[in-house]
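Colleague: Hey, got a minute to look at some aromatic rings with me? I'd like to go through them one by one.

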Amino acid sequence: MSRNRRILLSLRRNLLQAIPTMFVIVTLGFFLMQLAPGDVADYIAAETGAASEEGIHALRVQFGLNLPVLEQLFAYYDNLAHFSLGISPRYGAPVSDMIMARVPGTLLLMGVAIAVALLLGFAMGTTMALLSRRLPDRLLSLLSLVFYSVPTFWIGLMLIVLFSVHLGLFPSGGARTIGGPSEGWDWFVDRLRYITLPALTLGLNYVAIYARLTRAAVIEAQRHDYVRTAIAKGLTPARVIRRHVLRNALTPIAALTGAKVAGMLGGAIVVETVFSWPGMGRLAYEAILAREYPVLLGILLVSSALVIVANALFDILQSLLDPRVEVS
Amino acid sequence: MTGIDRRTFGKLLAASTFVSADLAVPAFAQTKAKGGTLRVVVTAEQPSFVDLFGNGAIPAVQGELVSIDFDMNPQPSLAERWDITEDGTVYTFHLRKGVKWHDGRPFTSEDVAYSFETLRETHPRRRNTFANLVAVETPDAHTLVARFSAPAPYLLGALSGVGTAILPKHIYKGTDLKTNPNNRRPIGTGPFLFKEWEQGSHYVLERNPDYWDTAKPRVERIIVRVIPDSAARAAALETGEIDIGHGSPIPYGDVERFLASKRFGVETRGYELGGNLHQLFFNLDNSFLKELKVRQAIAHALDIDRLIKVVWNGYAIPSPTAIVPDLRNFHDSTLKHYAYDPARATKLLDEAGFPRAANGKRATLNLTWNPGMAQQRQAAEYIRYALGEVGIEVKILNFEFSTYIQKVYTERVFDIDVQNLNNGYDPTDGIDRAYLSSNIKKGLPWSNHTHYSNPEVDALLTSAAAERDPAERRRKYVEFQRIVHRDLPAVNLVQFQRLTMFNNRVNDHTPYAARLGSDYFDRVYLED
Amino acid sequence: MMHRLDPGMTSPLLQLRNLRVSYDAPLRNGVAVGGLDLEVERGETLALVGESGCGKSTTALSVLGLLPAHTEISGQILFDGGDLVGMAPERLRALRGRQIGMIFQEPMTSLNPVYTIGRQIAEVLHEHTDISAAAARRRVLELLEQVGIPDPAHRIDAYPHELSGGQRQRAMIAMAIALRPRLLIADEPTTALDSTTQMQILELIDGLRRELGMSVLLISHDLPLVRAWSDRVVVMHHGQKMETLKSRDLFEAGRHPYTRGLISASIRLSDERHYTTSRLAEVRAHRAANDEFRFELHTPPGRIAATASAPDLPGPDAAGPDASAALDVRDLTVRYPGADRPAVDGVSFTLARNQTLGLVGESGSGKSSLSRAIMRLIPGVTGEISLLGKDLAGAQGAGLRQARRHIQMVFQDPYASLNPRQTVGDILGNPLKLHGIAERGERVRQMLDRVGLPASSVDRYPHEFSGGQRQRIGIARALILQPDVLICDEPVSALDVSIQAQILNLLADIRAEFGLSMLFISHDLAVVQYVSDKVMVMQRGKIVDTGDHTTIWRSPRHPYTKALIAAVN
Amino acid sequence: MALAEMNTTLAENARGPGAGEFAPSRKRRRSVFFTVLRHSGALVGLMVLGAIIAMAATAPLIRPGDPLALAGTPLLWPGQDLAHPLGTDNMGRDVLAGIMHGARVSLLVGVAATALGVLGGVSVGAVAGYFGGRIDNLIVRFIEIFQTIPGFVLLVVLVAVIQPSIWTVIIGIALTSWDTIARLTRAEFRTLRQQDYVSAARSVGYGDAHIILREIIPNALPPLVVTATIMVASAILSESALAFLGLGDPNSVSWGAMIGTGREYIRTHWYLTAIPGGFIVATVFALNLIGDALNDALSPHLART
C-alpha cells in the first residue's frame, strides 16, 4: 500500500472515530452543564440587575430551558445535524459566528507558542544532550526545570511588569495595534510585538518539556547502533548528529507535540485572561460562568475537532518522519 | 499615605472631586484640541450594544433623551424640553429637530414611542418604569405625549442613555428583537458611529460628522478594549496603552501609586446614579439569626472603619442606612452604625441564649458573597474574621456567578449574604426589590431573599413610589430607613466609590453626566 | 591506487600490538581487552572467536575507534603501518568507510530506520568522494546487485524495515564495501539470522573478499562457522588470546584447554552425537590468585538409558487422541488477529511418555506460538490438546489450574522469564503455595541443589545471577511442581556454548530422573539432534517432516529439511 | 501533566514499532562525579521537600490559630515588623502563617489528587493493558475522550459547577489527570504481560488478579512512581491556577489563593505574590528534581544491571 493511500485511509479512519468521540464529549459537556446549579436565564436575569419571575420564565421558554433535559439534548443534536451550533442566549448571535471570531486568535497563539517552544526546546535539548552531564547541561537542566515549575499566570504577570511596564519593549496585552498597520512588514512586526509575551508565557512550560524530551531523545538516539554505523562510515560528527541523531529524535517530539494540543488549549484560558488575548479559552470560561451551554458545547466541539485534527496531522507527520510508523 | 487615614482621604476625594468644567470647556476645546483617538478599557465584553434586555448599551452611539447632571437634574439632549402635567401623569416631550440616525433616516417621535413601548416589554428595569404607561401619542414628528395611570416622578431619571435606549423603529419594527443584527452593530443618533467589533478584543467608535451638536464630539475615534484581568488593566494604563477606564478599572490598592506618578488622575463622579451600597443580608429563616439580639450583636461586631480600610482601601464612606448618602434627597444622615463593640456583641449573644460552646463557638453560619465584585470576597473574609472574634464561626461558600444566583435565590443556602444591591438612581429602583414582602420570590435574582416581611415597610414603600410631593416622599423613605435600621434584616455597611482612572491627557471625560461610567464622550478631548 | 602498494606490502594489513582496553564507568569497571597481539594478513579472513564478554567485539570496535566514551585504550593498532590509536580524528575518519568497512550483528538496528537503504549506501559515497547524485545512484544499484539483493531498482528505495533480515545484512555489506575497503570487519554478522540465510551471507562475504582483495576480520562465537569461513582463528577468553590456529584443523589441533573445552562443548550435526551415547564436556574457568585462569574440562559420567520404545509418530490419518501419550495434539491452529495466515496451521502430533520430541524450524515458523498454545497462554487457538489423556484445550478455572501442574515450560530468555522483583525463593516457593504443597522450604532447597545452585540463592534476586544460572532457576521453577511434560522453548539459544553444554547435560539428567516427557524446541539442528528422540520440522506453521533423530538427518524427505541441513554442513 | 505525558510518550515510543531500536544497546556509562551530582539533585529536592513538609507539620505550633485572621497592620513589608517576619497582606493577614498553613493545603491537594488519579488510572489502565481486546478498545476510546477535552477547561467546569472546596479541587484534578496514568499503565501492562515471567506465572496456574498485582504491578511501578511524583507537582500548579481564577477554597489558605489576592498589589507589594510564588516554584522544583532522580534510578535502561 502506498504511503499516500495509507495516509488517506488513516485520515478517514480518524474522521470516523472522531465523530463518536465528539458526540460523547458534547453529551458529557451537556450533562455537566445541566448538573451545574443555575441556568443562563438566571444569569441573564441577574446580569441585567432587575428581573421579574415572568421575565425569567419567558427567557426559559425562549431558550427551551423549560423543556425536559433529554428534549433539550435532542434539540441540540438536531441543531448539530443541521450543521448549526445554535444561538447564544446572552449574545443573541449564532454560536458558530462567535466561535469563529475567536478561533483564529487561539490558533495563532497556540501555533506560535508551539513553534517557540519547539525551537527553543529543541535548541536547549540538543545542547544539553550533546554536552550531556557537563556544566551547560546541568545549568540548562535546572533552567528547564524552573520553567516547568513556574505557574503560568505568575510568569505572565512578571513578563508584563518587566517587559511592558519597565522596559516598554512589548505591549501588555491585546492582539494588535487597533487601527494599526493592516498589511506588509509593519503589520507583521506589529503582530509579532503583541504575540511575543503571551506566546512565550504559554510556551514556557512546553519549552521545558521539549527541552527535556529532546535531550532524552537525542541521548537515546546517540546510543543506537545506526549512529555507530554512521560513524563507521566515516561521516563527520556534525553530519552524524544532524542526519542520524537529531533527525531520528524528531519522531518522539512530533508524537508529543500532537498530544500537547489539548493541554495547550486549556492553558490558553489563563494566558488569554492575563494578556487580554481574544481567544476561545476566555470565551469558554465566560460561557461556563454564564451557563451558556450552546457556547460551551460549541467550543468543546470545535476544540476537540482541533485536537483531533492536530493529532491526525502529527500522526501523519510522524509517519513521514519515520517510515516504520503506521499511521494510526 | 501612611500619615493620613485612608478613610479621611476617601472622604476628601469623594467630597471635593474636581472642578466642574462644564462652563469653561467649549470655547477652550474648540481652540485647543480636536481629533485623536481615545482608548478606553472595559472589564468585560458586553453581550449586546443595544439595551433592549438590560444587557449592555453604548449611549455614545445610541443617543439619549435627557442627560442627568451631578445634581440629578435632567438636562436636554434629544428632548429639547418637556412639560409635565400638575398631577404628574402626562409627560410631553419636545424633540430636537433635524436629528438623523446614523443611516441617514430622520429621527422622529415615532422612534421614541416605539422605544418606550418596546422596552416596557423587554427591559427588566423599564418594565417597572413604564408599568403605568397607558398611552404614547405622537401628535407630530417632534412631539411625544406619554400618559401614565399614576404619577411617575422617577421617569426623567430613567430616560438617560444608560437607562432608556432610543431605538430606530425602522430597524427593529417587525423583526426578532433578540437576534436583530443591529444589537451587535448598532446605529443610533449619538455622537459616535459604531465602526467595528472584534469579539473578545475591542470595538471602535468613530466621530459622527452629522451629530446634531456640530461642536461635538471632539475626538475622532474611540477604541474600547476588553481587558478582563485587573493587573493587566493597570499595566495597560501604566504603559499608556489605554487612556481611561471606568468603574474602578484597577485594583484599589494601586490607585495611590498611579496618582503619585502625576501622569494619572482619578475621578469619583459619574456614579451618582448607582447608589453603590454594600450590605450584609441575613437569612431571617435561620433560627439563630431570627433573634434580633443576634443580628444586633453581629452589627456591633463589625468595625466599619477597618472594613473601609482593608476592603475598600479607603474608597468608601459609611452608609449605616438602606439608602446611600449619594441619594441625598432620601438619605437619613442622622442614623449611625451600631457601634463597633465586641464586648457588647458578646453580651448580646449571651443574652440571646447562645453562649460559647466548649470549642469557643456559638454557632456556625454559611456566608455567601456576590462574585460580581472582587471586593466582596475580601469583605467576606473580613466578616468571617470579625464574627469569629465574637464566637460565631463563618464558613465562606465560594460560588461563581450562576451558582451563586441559584444557591442564594433559589436554594437559599446562605445564612449571611454579602451583597451590593445598589440603590440605583431612585429608591424604587433598588430598595423595593429587597424589602417588599411581595418580593419574596423564590428563584428570582435580587429579590427579597432575607424573607423580611413588615407590613409597615410594605405600606411605606408602596406609597412613597407614587408620592409626588418631594418632602413627603423623603419623609416616607426616612421612616423606612429607621424601621429597617431597627429591624435589621440587613446590616448596611458602606457606600463604596467606583473610580474612573484616566491618563492626564484626557480632559473633560466626566463633564456633567452621571452615567455609571458608561460615558457619552461627546465633550472629551485629548491633550498632549 | 598506487599508494596502496607501499613498501609494507608484505607486512600484515592490520596488526594489534599489546592492545589494552578498559572501561572506567562506575557500572562496569574493568579490563575488556588485556594486551592482545594479532595480525590480519592481506587477503585473509581472520576469525576472532570466544564467548560473550571475552573482548572480541571490543577489539573490533577499537580498530575503528568506535569505543564508547570513558574507555581507555593503549597499545598499537597498526593499519598499513599507521597507528590508529591516537590518530587525529580527521585522518581516522578518512579511513572509516573508505579503507576499513564494518558490518554489525544486528542489521535491523544498525541501519537508520528513517532513510532508504539506497540513501544510506550513497551516504558513504558522498562523504568520501565528489560523486554526483546520479552517479551515486548508479553505483548503489551496482552494489546492490553485487551483494545479491533481488530487484535492486526497486529495493534501492526501500526502508530497512521493508526488507528481510538477510537483505538488510546484504545492504549493510553493500555499504561497507561501497568504496572497496581493504579491511572488512564483520562483528557477528550472522548471529541474528536464520541458518539458511547465515550461510548465504558468509558465502557473500567470502566471495567479496576474493573479488575485492580484502582482508576480513570476522568476529564470532560459533566454532563450526569460523572453521568453515576463515583462514585462521584466534581464540579469546577474558580479553586474552588463548591460541591461534589454522581454521582447517581447529577442531583437531586445538591444544589450549579452553579451546578444547569449547570444541567439545560445541555440537555439530555431522558428529551425530546423542544424549544417550555421549555427554557434553563442560569447560570451567577458575581464576587463580595471580589473575591467571586455569581451565578444567569436565565430562559428566554415565550414559543415559535410551528411551523405552516409543510409538511411531502418527501419520495424518491417525484418528482420536492417544490416551497413553503424554501429550496429544490434533489440528492445532493459532490465528492472530490481523495476520494473513495462521501462525500454527493444523498441527497434529503425539508426545509419547518419557520421550523427547524435538521441534526445529526457523524464526517465524510458528514454533513458539505452538508451545504457547499448548501451554494455554494465548487466545485464538482451535484444535484439541490432550494431556495425559485429559482434555487440556477446553479446561477452565480450577481444572486448568490442576492441569498446569502436569505441564510446565522453560523459556528462551533467561533474563525475561524471571520476575526481577521476586527473590528466587518466591519464584520457586509461590507455585507450591498456590497448589497447596507443603514442605516448601525443603522442596525449594532440594530443587536448587538439583539444578546446581547454592542454597543461599533463595534470598537473592534474578539480576544477581549469570545467564546460565538464571536458566537453571527457570528450569527449577518448571520442575518444582513435578510436572509430567516439560516444554523447552529454545532453552539454550541465548547461552554461550559452554553454558549450553551444561544446561543440555542438566536437561538430559533431569529428564531421566523425573521421568519427563519433553517437547524441545530449537532452531539449532545439532542441539535438537542431540537431545531428541524424535524430531519434527516446522515451516510456515505446518509440520513438514518428522522422523527419528538420526534418520531424519541422514535421509531427509522434505526439501525444507534438506535446505536446513545444507545450511549447516 | 506535561512531563508525565512526556514519560508516557517516551515509554510508548520505546515499545512502539521496531521496539528493538529504542532499547539501548549499551549501558549508559557515567562517571562517578556526575552520578554524585545527579544524586545531589535528588538530595536538594528531598531537602527542600522535607523542609516544606516540616513547615506544614509545624504550622499549628509556630503559627497557631486561624491563618486567615486579620493579625496586624495591612501591607507590612517582610522584616518591617518582627511579629510578621514575612509581612502582611492587604487585609493584614500574616504571610508567614499563610505560607505555613498553605503548605498543608498545597501538599494535601498534590498528594491526594495524585493518589486518587493514580488509583483510578492504574485500575483502568491495568484492566485495559492486561485484558486487551474489546475492553481495551473501549477504555482507550474513553481515555481518548479525556485527552481530547482540554483538561483545564474540564477542571474549571467541574470545580465551578460543584462548590469549590479543597475536596472538589482534589477530585477535579484527579479526574483530569488520571488519563495520563491510565495510558502509561496500559502501555506498561501491554509490554509486561507479554514478558516470559508473566507467561511463566500463568503456566504455573496463577489467576489474573495475582498476575496483575504480584507479577506486573511491581515491575510497572518505576515509571508510575516517576510520573506520580511529577503529577504531584502538576496538581499543585493546577490548584494555584484555579485559585488564581478565584475557584479555590475560601476557608483555607493556599499558595495559589495568596497569589490570587496578592496580584492586585503586584506592582506595589510584589512580595505578596513573590513569596507564595517562590514556594510553589520551590516545591514543584523539588518534586521534579526527585522525579528526575527517580527516573534515572528506576529507568528501564539500568534495570538489568
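Modeller: Sure, here is a short chat about ring pairs and charges over rings. Keep in mind that this is a predicted model.

Colleague: How many aromatic pairs are there over all chains?

Modeller: The count comes to 37 aromatic pairs over all chains. Take Phe30(A) and Tyr293(A): their ring planes are at 90°, with the centres 5.1 Å apart, so this pair is edge-to-face, as planes over 60 degrees apart count that way.

Colleague: Where in chain A do Phe30(A) and Tyr293(A) sit?

Modeller: Phe30(A) is in helix H1 and Tyr293(A) is in helix H12, so to speak distant parts of the chain, 263 residues apart.

Colleague: Buried or exposed, those two, Phe30(A) and Tyr293(A)?

Modeller: Both Phe30(A) and Tyr293(A) are buried.

Colleague: OK, chain D now. Why is the pair of Trp77(D) and Tyr271(D) called tilted?

Modeller: Their planes are at 50°, which is neither under 30 nor over 60 degrees, so the pair counts as tilted. The ring centres are 4.6 Å apart. Trp77(D) is in the loop between helix H3 and helix H4, while Tyr271(D) belongs to helix H11, 194 residues apart.

Colleague: And what is the relative accessible area of Trp77(D)?

Modeller: Trp77(D) has 30%, so it is partly exposed. Tyr271(D) has 2% and is buried.

Colleague: Switching topic: which residue has its charged end over the ring of Phe53(B)?

Modeller: That's Lys178(B), 4.4 Å from the ring centre. In chain C, Arg268(C) lies over the face of Phe251(C), at 3.6 Å from the ring centre.

Terms used:
Residues numbered from 1 in each chain as written. Chains lettered and ligands numbered in written order. Predicted model: local features only at pLDDT ≥ 70, side-chain atom pairs only at ≥ 80, totals over all residues. Heavy atoms only, no water. Phe/Tyr/Trp six-rings, centres within 6.5 Å; stacked < 30°, edge-to-face > 60°. Helix = DSSP H or I, 4+ residues; strand = E, 2+ residues; numbered from the N terminus. Buried < 20%, exposed > 50% of the residue type's maximum accessible area, 1.4 Å probe, protein only. Lys NZ or Arg CZ within 6 Å of the ring centre and 35° of its normal.
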